[in-house]
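Q: I'd like a close look at one part of this model: the salt bridges. Walk me through the pairs and then what else is packed around the protein.

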Amino acid sequence: MTELDFSCVGVRADGYAAGPTLVFRLRITAAERSRVHALALRVQLRIEPARRRYGTVEGARLGVLFGERSRWGGTLHPIEFAQVASNVPGFTAETEVDLAVPCTYDMDIASSRYFHALDEGEVPLLMLFSGTAFTGAGGFRVEPVPWHKETAYRMPVTVWREMVEQHFPGCGWLRLPREEMDALLAYRARHALPSWEATMRALLASAGPDTAPVRAFGVRRDRPGGSDRTRLTEGTER
C-alpha cells in the first residue's frame with residue numbers, strides 16, 4: 001500500500017468566490033517517490049477549542065456554546081466545521097493543492113458562533129482525511145486512504161474576519177422563523193422605517209434604555225469608522 005502523508009501549509013480567504021470561502025493549501029506526500037495517478041480525497045475539519053486560551057471577553061461570548069468557564073473541563077468538545085471533497089490530479093512523490101471550504105455566517109451554527117467569539121490569535125483545527133487513491137508505477141491499484149490520517153493546523157482568526165468582511169462588511173446575520181419575519185416586516189411597514197437597521201434600533205429603544213446601547217454576542221460588534229448593522233434574513237435579505 002502506498003503511504004500518504006498530509007499537512008496544511010496555509011490558508012486564505014477566496015476573494016472571488018460567490019459566498020464566504022476559505023482556501024486551505026494542502027501538501028500531500030507519497031512515500032518512496034511513489035506514483036499517484038489520482039486521489040479522490042475527503043476531508044473533515046474540526047475545531048479543537050481546548051487547544052487554546054481565551055481572554056475574559058472571549059470566554060463570556062463562548063458561554064453560549066460551553067457554559068460557565070468553571071465547567072469547561074467537561075464541555076470544550078470538538079466542533080465540526082466542515083466536510084469537503086476534492087479530486088487531486090496525478091503526481092509523483094509530492095504535490096500541493098487548494099482545498100476550498102465553503103463557510104457560513106449563520107449564528108445558529110456552532111462553528112460560526114465560535115469564530116465570531118474570538119478577537120485575535122489562532123483557531124486550532126484538526127483535519128481528518130479519507131478517500132481513494134489510484135496508484136502504481138507499472139500498473140494500476142485502487143487503495144483506500146487510511147482513516148487515521150490527520151493533521152493539525154492553527155488558522156489565524158484574521159483570515160476568518162477577512163473572509164466575513166468581504167461578503168458581509170460591518171454586518172451580522174439573524175435567522176428567524178417565518179412568523180417572526182412577517183411580524184417584523186409588518187412592524188417596519190407600519191412605522192415607515194427605511195431599513196432593517198432603523199427597525200432594530202426602534203425596537204431596542206422601545207424595550208427600554210438598558211437595551212439600546214448593547215452590542216450583544218451574535219448580534220453586532222462596533223467597528224471604528226463604520227456603522228453597526230444587523231441584517232435580518234429569511235434565506236435572502238429583504
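A: First, a bit of vocabulary: a residue is buried with under 20% relative accessible area, exposed with over 50%, and partly exposed in between (1.4 Å probe, protein chains only). Also keep in mind that this is a predicted model, where local features need pLDDT of at least 70 and side-chain atom pairs count only at pLDDT 80 or more, while totals for chains, interfaces and linings use all residues. Residues are numbered from 1 along each chain as its sequence is written, and side-chain values use heavy atoms, with hydrogens and water left out.

On to the charges. Searching the whole structure turns up 13 salt bridges, each being a side-chain nitrogen of Lys or Arg within 4 Å of a carboxyl oxygen of Asp or Glu. Take R25 and E96, whose side chains pair up with N and O 3.3 Å apart. This one ties together distant parts of the chain, 71 residues apart: R25 belongs to strand β2 (residues 21–30) and E96 to strand β6 (residues 94–102). Helices and strands here are DSSP runs numbered from the N terminus (H or I, at least four residues, for helices; E, at least two, for strands). R25 has 31% relative accessibility, so it counts as partly exposed, and E96 is partly exposed at 31% too.

Next comes R61 with D119, where the closest N and O atoms are 2.9 Å apart. That pair also links distant parts of the chain, with R61 in helix α1 (residues 56–61) and D119 in the loop between α4 (110–117) and β7 (122–135), 58 residues apart. Here the two ends don't match: R61 is buried, with a relative accessible area of 16%, whereas D119, at 37%, is partly exposed. Back to R25 for a moment: salt bridges with shared partners join R12, R25, R27, E96 and D98 into one network.

Then there's R52 with E58, at 3.1 Å from N to O. Both R52 and E58 are buried.

One more arginine deserves a stop. R188, in helix α6 (residues 178–190), counts as buried because its relative accessibility is 18%. A polar atom of the R188 side chain lies 3.0 Å from the backbone oxygen of P194.

Now for the nonpolar side. The largest nonpolar core (buried Ala, Val, Leu, Ile, Met, Phe, Trp, Tyr and Cys residues joined through side-chain atoms within 4.5 Å) has 53 residues, and L22, F24, L39, F81, Y114 and M155 touch the most other members. Strand β3 (residues 35–47) gives the most to it, six residues. L22 is worth clicking on: beyond its neighbours within four places in sequence, its contacts (heavy atoms within 4.5 Å) include R12, F81, C103, M155 and W160. Y114 sits in α4, a helix that is mostly covered, with six of its eight residues buried: S111, S112, Y114, F115, H116 and A117.

Note on methods
A polar contact is a pair of N or O atoms within 3.5 Å; within protein, one must be able to donate a hydrogen and the other to accept it, and residues adjacent in sequence count only if both atoms are side-chain atoms.
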